[in-house]
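Colleague: Got a minute to walk me through this model? I'd like to go piece by piece.

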Amino acid sequence: MRPSFDEMNASRTTVREHYRTYERWLARQPAELMSARREEAEVIFRRVGITFAVYGDKDAGEGTERLIPFDLIPRVIPAHEWRDMERGLRQRVMALNRFIHDVYHGQEIIKAGIVPAEQVLRNAQFRPEMINVDVPGGVYSLIAGIDIVRAANADGSGTYYVLEDNLRVPSGVSYMLENRKMMMRLFPDLFSEHRVAPVEHYPDLLLDTLRSVAPGSVNEPTVVVLTPGMHNSAYFEHAFLAQQMGVELVEGQDLFVRDNFVYMRTTRGAKRVDVIYRRVDDDFLDPLVFRPNSTLGCAGLLSVYRSGNVALANAIGTGVADDKSIYPYVPKMIEFYLGEKPVLQNVPTHLCRVDEDLKYVLDHLDELVVKEVHGAGGYGMLVGPAASKDEIARFRSQLIANPTNYIAQPTLALSTCPTFVEAGIAPRHIDLRPFVLSGKTVQMVPGGLTRVALKAGSLVVNSSQGGGTKDTWVLED
Amino acid sequence: MMLSRTADHLFWMARYMERAENTARMLDVNYQTSLLPQSAEAAEQGWRGLLSISELRFDYAKRYGAIDPRAVLDYMVRDERNPSSIASCLRAARENARAVRGTLTTEVWETTNQTWLEFSRVSSSSTLRRDPSAVFEWVKFRSHLSRGVSVGTMLQDEAFHFVRIGSFLERADNTARLLDVKFHSADGEYHGALQRRDSLEQDFYHWSSILRTVSAFEVYRKVYRNVIQPEKVAELLMLRPDMPRSLAACVNEVLLNLRMVANEQSGDTLRRAGRLQSELQYGRIDEILATGLHAYLTQFLDRIGDLGAGISRDFLVAVH
């Protein structure tokens, strides 16, 4: 039998210590009450408009805005586990930021022979425009989302692994905040019985981080959030964060460059902008440098940025470090830049561009998870054990045609958490995305966003693929 | 100080909500009137007039052909191919609100969003057939709620003023159109006392329906303590500054809020709004009727359109 690890139940009869109070509470709740609360949550999410758009959905009507299913059973993390995880996250993000800085400056890590030059320099996410550009504090990824899973070991214990680093424009933090708000509204009594570490100050930490990178000469920096617009899948989050921080939510058309500064158009004329929290990908930021047909960015932005007259969060070119082909080198980066042993583990990874790895992968396709190096959102991946013969055959030919485009990892037995489904309460696989903020200091709120794969047995937690979310509790001692 | 684009969305959010309400008002009165005993011709005339108010006669004819009360209701309430239908207006109000939801208070956003979410259920074809007035009532109350929530929760900053300008500019336009069509239908070009009096009774229903459209029937009685006379109806709905849907009241509000947001380039728009306001303030109904009501209202609508364009140019469109 495959090993499994459930966050709540250590075995059929034993509940893990940090879930005991909750489990007793849950046992007291009548089923009707829980389903009434579920409906209530859905009505509120709709009214508040906490929705996301689904790409590739041609239906222009109501259907393009979906709710992300919200599960009532929280994911609980005991204090000591969070302490280790937080230490590991800090360490990892610091090393990644050092790496990005290095890549665009002395390239010491390449010279030291730790990361192969072609992995960096021929990476599509490497931005030569950023070479020798100094960004404030040397911090590139101010907002990082690190995806973590817990996998079952053969002896029944579990180990946390970092599955992926998201250093460009990670999203989901608004759901973390809204889920907590919802839980406190639906079950206030639960919070009096547990010491749940608060997360509501995240927007404050974010604003603090953004202000800390403003160009030096500015006293009261003007911070804005740049969104691609209301049709973007994460628009709710962009609007939410701007509102929570009390800053303007701008689109590319609201910005313009004059005399090497960025301005926004207001009812009182032009107003200078100092820090842009951009939720627009690099490629669309400046039509003069990147995609010429992009209307989502602002012409001339890069030149202002390079002169240090505006700060961007995140910096341009961070993608070079969160690419799946760079991922295997992160533990070595931590040792190289910080002289420390990594606290958080990587999932063992096969690079298909290496001949012997490719051979192994092709021989074990039915056991492995194969991912596109640049893929995101659960698109373009093969989950071997869950795939049909046809799917595997099709994937095999794609893989042979372009091996450098893929990596493979063992299929981890992702931990499960009890979840409300049609048939009642059942275990479903989950992951965790903590958000790490790096400005003058590294800050984070306890926990993160827990995503849950609602289909039985499914390992894909992405909201675009039918995943849901849970509130995440870090219990204080 | 706020983003021009944000001001634009707020302005249009308010306009569309106001337009939905006014459309509901006009449809309701027309529907109520159609229940009175009358000739088929008169009934058809009423529905045709309604389409004319929104300049939709040709579009309707293209899609549905002959005038049929049920089809007109469907077209004006639920048909999203009609950009002026209540459904289209509520969607547009909601889309504009969504684009700037961060600028709105939670209550304003949720009210607008909920109105849109519930509308398709409230206006189902069976309800619309069985009890159209219930649908119109609902739309009116949702609009009251939106307005109340804006006034009751929004900081009185620029955002608020642009919302108010949008509401009252739209209302001025709608009241003027209503008057124009209703007076026109009564008597070609209206110059005052009716030359052709079919019956006092028919007159009463005609003029009182206009009053009811803008919730002014009781107000009329209170102000004039007299039988319903067209001249007084026109005076009440055009020149009385204390009548909340009159042209004078609307232009007063537009001017007031425009002053609050004035910037370097808005001087001329403000001047034109001020001139319009003083003409209404010092105008007399007998003079207006002597020059012809239709001519006056056509000119008024042009000037309202002009003010909208000026506001757009001065505040809402990009400055380089």
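Colleague: How many bridges join β15 to β16 in chain A?

Modeller: Two, and the strands run antiparallel. This is a predicted model, by the way. Strand β15 of chain A covers residues 368–372.

Colleague: What is the bridge partner of Val369(A) in β16(A)?

Modeller: Val383(A).

Colleague: And which sheet do these strands sit in, open or closed?

Modeller: An open sheet of four strands in chain A, in the order β14-β17-β15-β16. The pairing is antiparallel. The edge strands are β14 (350–351) and β16 (382–383) of chain A, each of which pairs on one side only.

Colleague: Change of topic. Which residues of β22(A) are buried, and on which side?

Modeller: Leu449(A), Arg451(A) and Ala453(A) are buried on one side, and Thr450(A) and Val452(A) are buried on the other. Both faces of β22(A) are therefore covered.

Colleague: Why the two groups?

Modeller: In a regular strand, side chains alternate between the two faces of the sheet.

Colleague: So why call β22(A) largely enclosed?

Modeller: Strand β22 of chain A is residues 449–453, and five of the five are buried, so the rest of the structure largely encloses it. Buried here takes 20 or more other C-beta atoms within 10 Å of a residue's own.

Colleague: What pairs with β22(A)?

Modeller: Strand β19 (residues 424–433) of chain A is joined to β22(A) by four bridges, antiparallel. Ile430(A) stands opposite Val452(A) there. Strand β23 (residues 467–474) of chain A also pairs with β22(A) in the antiparallel sense, over four bridges. In that pairing, Arg451(A) stands opposite Thr469(A).

Colleague: Zooming out. How many helices and strands does chain A have?

Modeller: 14 helices and 23 strands. The radius of gyration of chain A is 23 Å, close to the 23 Å given by the globule rule for 477 residues, so chain A is as compact as a globular protein of that length. Its C-alpha atoms fill a box of roughly 70 × 55 × 50 Å along the principal axes.

Colleague: What share of chain A counts as buried?

Modeller: 45% of the 477 residues. As for contacts in chain A with a separation of 6 or more, 69% come from residues 24 or more positions apart.

Colleague: How is chain A divided into domains?

Modeller: Domain 1 is 17–215 + 310–346 + 412–474, domain 2 is 216–309 and domain 3 is 350–410. The centres of domain 1 and domain 2 of chain A are 25 Å apart, taken over C-alpha atoms.

Colleague: How many residues are in contact between domain 1 and domain 2 of chain A?

Modeller: 29 from domain 1 and 33 from domain 2. On the domain 1 side, α8(A) gives the largest share, five residues. By class, that side has 19 nonpolar, six polar and four charged residues.

Colleague: Now the other chain. How many residues does the contact take from chain A and from chain B?

Modeller: 23 from chain A and 22 from chain B. The elements giving two or more residues to the chain A side include α2, α9 (235–245) and β9 (261–266) of chain A. By class, the chain A side has nine nonpolar, six polar and eight charged residues.

Colleague: You mentioned α2. What span should that helix of chain A have?

Modeller: 26 Å, because α2 of chain A has 18 residues (31–48) at 1.5 Å a residue. The end C-alpha atoms are 26 Å apart, which agrees. Gly49(A) follows α2(A), with a positive phi near 80°.

Definitions and conventions
Residues numbered from 1 in each chain as written. Chains lettered and ligands numbered in written order. Pairing = 2+ DSSP bridges. Rg over C-alpha atoms; globule rule 2.2 N^0.38 Å. Buried ≥ 20, exposed ≤ 12 C-beta atoms within 10 Å, placed from the backbone. Contact = placed C-beta atoms within 7 Å. Expected span 1.5 Å × (residues − 1). Domains from an automatic or database assignment. Nonpolar A, V, L, I, M, F, W, Y, C, P; charged D, E, K, R; others polar.
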